[in-house]
Amino acid sequence: STVVGQSGSRLFMVYWESGASMGLVSGHDPTITDDGAWLYYATRDGDNTEIFRRALPDGDSVQVTFTESPVSNNHPVVSGANSSVIFTRSGGTDYP
């Protein structure tokens, strides 16, 4: 089992059994899928805050939301099957 945490603007993963930790990316509002395979998080991308996902433990980050500024997407929540992501948005008027 793993737990994802946040310290300042840095996200990290902790292996529950051993207590060992591993730095991941800069961002906030981390959440992982039920199977522990994917990390979703929010981070700044230019003038916007966008949602990204990353395969755990060491995959590349992929941008999930693409909005025009100024928009802030935060607090991603992923379905257990990793098929949908819900998040909050503030600013702007464009919706997917």
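**Exercise 1.** In β3, which residue is the bridge partner of Val-14?

*Solution.* The structure is a predicted model, and the search begins with the two strands concerned. Strands β2 and β3 pair in the antiparallel sense, over five bridges. Following Val-14 across to β3, one arrives at Ser-21 as its bridge partner. Between the two strands of this hairpin there are five residues, and Gly-19 takes a positive phi near 80 degrees in the hairpin.

**Exercise 2.** Determine which residues make up the largest nonpolar core, and which strands each supply at least two of them.

*Solution.* The core has nine residues in all, namely Val-4, Leu-11, Met-13, Leu-24, Val-25, Leu-39, Tyr-41, Phe-52 and Leu-56. Turning to the strands, one finds that β2 (10–15), β3 (21–26) and β5 (38–45) each supply at least two residues of this core. To look at one member in detail, take Met-13, whose contacts beyond four places away in sequence include Val-4, Leu-24 and Leu-56, and these three are also listed in the core. Met-13 also touches other residues at that separation, among them Thr-2, Ser-21 and Pro-57.

**Exercise 3.** Decide whether Asn-48 is buried or exposed, and find what its side chain meets.

*Solution.* Begin by placing Asn-48 in strand β6, which covers residues 48–55. Its relative accessible area is 6%, and because buried means under 20%, Asn-48 counts as buried. Next, a polar atom of the Asn-48 side chain lies 2.9 Å from the backbone oxygen of Thr-67. Finally, leaving aside residues up to four places away in sequence, Asn-48 touches Thr-43, Thr-67, Glu-68, Ser-69, Pro-70 and Val-71.

How values were computed
Residues are numbered from 1 along each chain as its sequence is written. This is a predicted model: local features need pLDDT of at least 70, side-chain atom pairs count only at pLDDT 80 or more; totals for chains, interfaces and linings use all residues. Side-chain values use heavy atoms; hydrogens and water are left out. A nonpolar core is a set of buried Ala, Val, Leu, Ile, Met, Phe, Trp, Tyr and Cys residues joined through side-chain atoms within 4.5 Å. Buried means under 20% relative accessible area, exposed over 50%, partly exposed in between (1.4 Å probe, protein chains only). Helices (H or I, at least four residues) and strands (E, at least two) are DSSP runs, numbered from the N terminus. Contact means heavy atoms within 4.5 Å. Two strands pair if DSSP finds at least two bridges between them. A polar contact is a pair of N or O atoms within 3.5 Å; within protein, one must be able to donate a hydrogen and the other to accept it, and residues adjacent in sequence count only if both atoms are side-chain atoms.
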